[in-house]
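Welcome to my notebook. I kept these entries while finding my way around a structure that was new to me, and I hope they help you do the same.

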Amino acid sequence: MATEAASCLHRPIKILTDSLSSLMAILNPKSHYSMVREIQILLLSHKHIHLRWLKAHISYSCNECADQLAKEAIAKDDPLFLPKPLSYLKSEIRSEALSIWQDSWDNGETGRSTHDIVPRVSNKPIGWNREELMFITGHGPFPSYLHCFNLRTHDNCSCGEKGDPMHYSTKCRFTLSWHFQTPTVPLKLQRLKIILTNSLSRTRLRLLMRFICDENDLIVEDNHQTRIHPD
């Protein structure tokens, strides 16, 4: 709007703006935004108009006044419509989608153990492999997990204790070679985070999970196998 108004004048005009991104867009000869193209055409045909960048928030009176007028226009639901760049719309949609996802993740009923370790959602890969995912989520060949789907009549390991990931990584006699130090309850979460950020610990964790998958018949009691105890 400022360039359009200035084009009606016949004297040198300087237009100051604190939006560096807008100036860079105007300098781009390949821009496909209609508003940018219109401004470029105006500037090419009206050599007396000059654009200058002004650093924001330095108490420059004219800039502060322009900001205030813009806020008032928005508050009054001004009917003026200014199309937004595609990059801005993508950013807004991504931000809103992440916000909805975060709310669902915070208030969900499942995946709470994973939530404790990764409380913030992100569209970037977390970098865990299959074995690490099974350990963190508990979704693997564990009696505690299989019992939830009635694939086992109980959730105990063959050694008699509850067969969950923490049991196999700290207590089970069948997995002694890959044990980690048993954490106290207050330090359990911190301990898991340390394991997942240490390369040696992650290697041991992967070996543990591979052993559990390969030797599942050893550590998980078969429901359908008849056991004969000596007299």
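**Entry 1: the whole chain.** I began with a word I needed: a residue is buried when its relative accessible area is under 20%. By that cut-off, 27% of the 231 residues of the chain count as buried. I also noted that this is a predicted model.

Next I looked up the secondary structure and found 12 helices and 2 strands. I followed the order along the sequence and wrote it down as α-β-α-α-β-α-α-α-α-α-α-α-α-α. Then I checked the contacts in the chain with a separation of 6 or more, and residues 24 or more positions apart account for 50% of them.

**Entry 2: a loop near the start of the numbering.** I stopped at L9, which sits in the loop between helix 1 (2–6) and strand 1 (13–17). Is L9 buried, partly exposed or exposed? I found a relative accessibility of 35%, so L9 counts as partly exposed. I also looked up a partner for L9: H48 is 39 residues apart from L9 along the chain, and their C-alpha atoms are separated by 8.8 Å.

**Entry 3: the loop between helix 8 and helix 9.** Two residues caught my eye here. N150 belongs to this loop, and its phi is positive, about 60 degrees, although N150 is not a glycine. I looked up its accessibility too: N150 counts as exposed because the value is 69%.

T153 is found in the loop between helix 8 and helix 9 as well. With 61% relative accessibility, T153 also counts as exposed. I traced T153 back to P143, 10 residues apart along the chain, and read 9.0 Å between their C-alpha atoms.

**Entry 4: the cavity.** How many cavities of 30 Å³ or more does the structure hold? I found 1. The space in the largest cavity is about 40 Å³.

I listed the residues that line the largest cavity: F135, M166, S169, T170, F180, Q181, P183, R191, L192 and I195. Sorted by class, this lining has 6 nonpolar, 3 polar and 1 charged residues. I then asked which helices take part; helix 9 (165–170) and helix 10 (188–197) each supply at least two residues of the lining.

**Entry 5: Q181, one of the lining residues.** I picked Q181 from the lining of the largest cavity for a closer look. Q181 lies in the loop between helix 9 and helix 10. Its relative accessibility is 62%, so Q181 counts as exposed. Leaving out residues up to four places away in sequence, I found that Q181 touches T170 and R191. Both T170 and R191 are on the cavity's lining list too. Finally, I checked Q181 against S169: they are 12 residues apart in sequence, and 8.5 Å lies between their C-alpha atoms.

**Entry 6: the second largest pocket.** I read about 440 Å³ of space for the second largest pocket. Among the 18 residues that line it, S113, F135, I136, P165 and K188 are the closest to its centre. F135 was familiar to me, as F135 also lines the largest cavity.

Which helices each supply at least two residues of this pocket's lining? I noted helix 6 (112–117), helix 7 (130–137), helix 8 (143–146), helix 9 and helix 10. By class, the lining of the second largest pocket has 9 nonpolar, 5 polar and 4 charged residues.

**Entry 7: helix 11 and its partners.** A reminder to myself: two packed helices are described by the angle between their axes and the distance between the axes.

I took helix 10 and helix 11 (residues 199–214), whose axes come within 5 Å and cross at roughly 95 degrees. Helix 10 is therefore roughly perpendicular to helix 11. On the helix 10 side, I195, L196 and T197 meet S199, S201, R202 and L205 of helix 11. This contact has 3 nonpolar, 3 polar and 1 charged residues.

Then I turned to helix 7 and helix 11, which pack at about 80 degrees with their axes 9 Å apart. That angle makes helix 7 roughly perpendicular to helix 11. Helix 7 brings E131, E132, M134 and F135 to the contact, and helix 11 brings R202, L205, R206, M209, R210 and C213. I sorted these by class and got 5 nonpolar, no polar and 5 charged residues.

Key. Residues numbered from 1 in each chain as written. Predicted model: local features only at pLDDT ≥ 70, side-chain atom pairs only at ≥ 80, totals over all residues. Heavy atoms only, no water. 1 Å grid on protein atoms, 1.4 Å probe; cavity = no way out; pocket = protein on both sides within 12 Å on 5 of 7 lines; lining within 4 Å. Points joined across faces, edges and corners; volume = space filled by probe spheres on them. Helix = DSSP H or I, 4+ residues; strand = E, 2+ residues; numbered from the N terminus. Nonpolar A, V, L, I, M, F, W, Y, C, P; charged D, E, K, R; others polar. Axes fitted to C-alpha atoms, helices over the stretch in contact; angles between N-to-C directions. Parallel < 35°, antiparallel > 145°, perpendicular 65-115°, else oblique. Contact = heavy atoms within 4.5 Å. Buried < 20%, exposed > 50% of the residue type's maximum accessible area, 1.4 Å probe, protein only.
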